[in-house]
There are 2 protein chains.
Amino acid sequence: MVVSIELKSPSVIKYDITIDALADMCFDRKVAIVTNPTVSSLHLDTLLAKITATQCEVVTIPDGEEFKTLATVEAILSELFEAKFDRKSLLIAFGGGVIGDMTGFTASLYQRGIDFIQIPTTLLSQVDASVGGKTGVNNKYGKNLIGAFYQPKAVHIDPYFLTTLPPREFAAGVAEVVKMAVMFDNDFLEYMERNELYDEAVTKEMIRRSVTLKADIVNQDEKEAGIRAVLNYGHTFGHVIENETSYSKYLHGEAVAIGMVMANALAVKLGLMSVDDAGRVLNILQNNGLPTNYEIKNVDEFYDHFFLDKKSNSGKIKFILPNGALGTNIILDDIDEKIVKEVLGQFGVGE
Amino acid sequence: MVVSIELKSPSVIKYDITIDALADMCFDRKVAIVTNPTVSSLHLDTLLAKITATQCEVVTIPDGEEFKTLATVEAILSELFEAKFDRKSLLIAFGGGVIGDMTGFTASLYQRGIDFIQIPTTLLSQVDASVGGKTGVNNKYGKNLIGAFYQPKAVHIDPYFLTTLPPREFAAGVAEVVKMAVMFDNDFLEYMERNELYDEAVTKEMIRRSVTLKADIVNQDEKEAGIRAVLNYGHTFGHVIENETSYSKYLHGEAVAIGMVMANALAVKLGLMSVDDAGRVLNILQNNGLPTNYEIKNVDEFYDHFFLDKKSNSGKIKFILPNGALGTNIILDDIDEKIVKEVLGQFGVGE
């Protein structure tokens, strides 16, 4: 049975998001599937068997965050020009977040914008990245610093692809789901605590609830002028951890897991969160095999790295925290430096 | 006196377009002026004297269409990253169409989009390019093939900058104004026939009427799904002429002038235009020093080149023509190849 997402106010996300086994797709136009060797070797045949199109190209790009660059986007664009794609042509992002972000960005640029659809194959991209229209690439100054807000025409989420996903990557996806539940929906958090997330029906329900939450937030605030920033809970700290470890030690979701633990410690310190609630979040992360501690070698340096974040406008750091109970949130940009550093100190050497 | 443009239905163009001497501008954020050496040497001091900002950078890029590339955009982006621009920062496009298109495109990309304003300094960019949100760059496959639809936050048109514009470039701007009048407004065409366009008050009125027409069309059809395509009158032919002459012999507006004469010949052939009306358009172009003839060496090759245009979806060529009277228009994509080639033959060797 197809699970379709029902949205409160579909102002930005006007497209279908379905959660089910991939249906047959018939396109009266040229189509290019953008994917990487890993996904391609596992699932490309499955996808190709579903697609009929005027012409179907497969563009394979190298696997990994280090190839999420403008140079790769240019290479994809060149293949589209060589294949004489026109304004009616369609791109299909077939892979995880990196593939989705780059395919969407390429679609936004080609002849000032052509259609694209998302077929995400990782839990992280299924629950989060494939919905919302943030596209882009990294450069030497940081992550996702060049890009566009550009919405797909449809998102097809097939949980079957998760059967080949390494457990560590599954867990990294769970971190983003926990983030959503802690910020917006305590019922959902309890559901995740009660159930085995690997169970097929539970996975599907978890995806449905995550995507519904995410889409409702994007509909309220596409460009992240307000509430969408709440989705960066755990990310303020997580980005610094990723940066300090050169994006090699932790998966993004793992860094976010640690980041949430740090944010919670700050919230406890400020009296915004009970020790019990912080413990509940810690438990669900640990129970799903996620890291929850990080040795901060130099608190001052760690603090300075907050300012590298593109969201730190005009020298203020935005902290996104639980606000008195699980399922609620607050954004604070005036927390005393001394308090933040005291909390960071808890994660220092010897912890 | 500031002339403000009044629009019928400001759905896309919600920003101010003013036609007047530049006012003082005070920005509580970082600002970068993007310009080229020609404009900079003539007018940068004038502009700088008007601007107060938290920080004001000047990014100078080489002058000319051949530098309208992704590499130049990357160079601008790097300067912004080095200067630690954030999401609240502002770009100012200060120059002609190339500067405007690239500055807008850069603004659309930087951290997924920052504000920019247009201060166009050529007649072409004042009457046409600075309004409408088409941004982008060329590549080896053609012109404007990579880009974004991205609207400025304001357009300030100061006719004073035209005092240093070479007459040939002034004429190239007039060609785009004639295009607008022939397609949409016979009264406006008569006004242009009656008046000396170099006269200061006439220039200002010509800009006002052009921009109003252009903005109303963009408001009806930002993404060029329908009526906006009418603005390509003269361009179907003009693009081939530019391409055949390697973008070096004619200014864009000059190629469009010849293109309009060719389109009119086709319209006359199809009974959509009287010989008298075609003569009126020919006269106003010639009276303003614009070229109106082009020697087509090989009709078949010229015809094949139509298909290089990014607007020729699915193998059909869109011809935009007057439709029975000046100030009216029609788009036809099913004109018999033989008829088109007969008309092209009129512009062949020996003409």
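A residue is called exposed here if 12 or fewer other C-beta atoms lie within 10 Å of its own, buried if 20 or more do, and partly exposed in between. By that rule Asp187(B) and Arg194(B) are exposed on one side of helix α6(B), in what is a predicted model.

## Two helices with a buried face

The buried residues of α6(B) are Phe188(B), Leu189(B) and Met192(B). Seen down the axis of α6(B), these buried residues fall within an arc of 100°, so they line one face of the helix, while the exposed Asp187(B) and Arg194(B) are on the other side. The cover over the buried residues of α6(B) includes α5 (167–184), α7 and α10 (275–287) of chain B.

In chain A, helix α12 (residues 337–345) can be described in the same terms, with Val340(A), Val343(A) and Leu344(A) as buried residues. Because the buried residues of α12(A) fall within an arc of 100° when seen down the helix axis, they line one face of the helix. Lys338(A) and Ile339(A) are exposed on the other side of α12(A), and the buried residues pack against α9 and α11 (299–305) of chain A.

## Three loop residues

The loop that follows α6(B) deserves a separate look, as do two loops of chain A. Leu197(B) is found between α6 (186–194) and α7 (200–220) of chain B. Leaving aside neighbours within four places in sequence, Leu197(B) is in contact with Val174(B), Met192(B), Val202(B), Thr203(B), Met206(B) and Asn288(B); of these, Met192(B) is also one of the buried residues of α6(B). The C-alpha atoms of Leu197(B) and Ala171(B) are separated by 9.7 Å, with the two residues 26 residues apart along the chain.

Gln111(A), in the loop between α3 and β6 (115–120) of chain A, has a positive phi of about 50° although it is not a glycine. Tyr247(A), which lies in the loop between α8 (235–244) and α9 (252–269) of chain A, likewise is a residue other than glycine with a positive phi, in this case near 55°. The table sets out how these loop residues are surrounded.

| Residue | Other C-beta atoms within 10 Å | Class |
|---|---|---|
| Gln111(A) | 22 C-beta atoms | buried |
| Tyr247(A) | 17 C-beta atoms | partly exposed |
| Leu197(B) | 19 C-beta atoms | partly exposed |

## Domains of chain A and the nonpolar core

Chain A is divided into domain 1 (3–164) and domain 2 (167–345), and the C-alpha centres of these two domains of chain A lie 26 Å apart. Where the domains meet, 27 residues of domain 1 of chain A are in contact with 26 residues of domain 2 of chain A. On the domain 1 side, the elements that give two or more residues are β2 (16–19), α4 (123–129) and β8 of chain A, and α4(A) gives the most, with 5 residues. The residues on that side of domain 1 divide into 17 nonpolar, 7 polar and 3 charged.

The largest nonpolar core holds 200 residues, of which Val34(A), Ile92(A), Val34(B) and Ile92(B) touch the most other members. For Val34(B), the contacts beyond four places in sequence include Val59(B), Ile61(B), Ile76(B), Leu91(B) and Ile92(B).

## How the two chains meet

The contact between the chains takes 23 residues from chain A and 23 residues from chain B. On the side of chain A that touches chain B, α2 (70–82), α3 (97–109), β7 (134–139) and β8 (142–149) of chain A each supply at least two residues, and the largest share, 5 residues, comes from β8(A). The residues of that side of chain A divide into 9 nonpolar, 7 polar and 7 charged. β8 of chain A thus appears in two settings, since two or more of its residues are on the side of domain 1 that touches domain 2 and at least two are on the side that touches chain B.

Chain A can be laid on chain B with an RMSD of 0.0 Å by a turn of 180° and a shift of 0.0 Å along the axis. The two copies are therefore related as by a two-fold rotation axis, and in chain A the C-alpha nearest that axis is that of Ala148(A), 4.4 Å from it. Because 100% of the interface residues of chain A are also interface residues in chain B, the copies meet through the same surface.

Definitions and conventions:
Residues numbered from 1 in each chain as written. Chains lettered and ligands numbered in written order. Predicted model: local features only at pLDDT ≥ 70, side-chain atom pairs only at ≥ 80, totals over all residues. Contact = placed C-beta atoms within 7 Å. Helix = DSSP H or I, 4+ residues; strand = E, 2+ residues; numbered from the N terminus. Nonpolar A, V, L, I, M, F, W, Y, C, P; charged D, E, K, R; others polar. Least-squares fit on C-alpha atoms with pLDDT ≥ 70 in both. Domains from an automatic or database assignment. Arc of directions from axis to C-beta. Core = buried A, V, L, I, M, F, W, Y, C linked by C-beta atoms within 7 Å.
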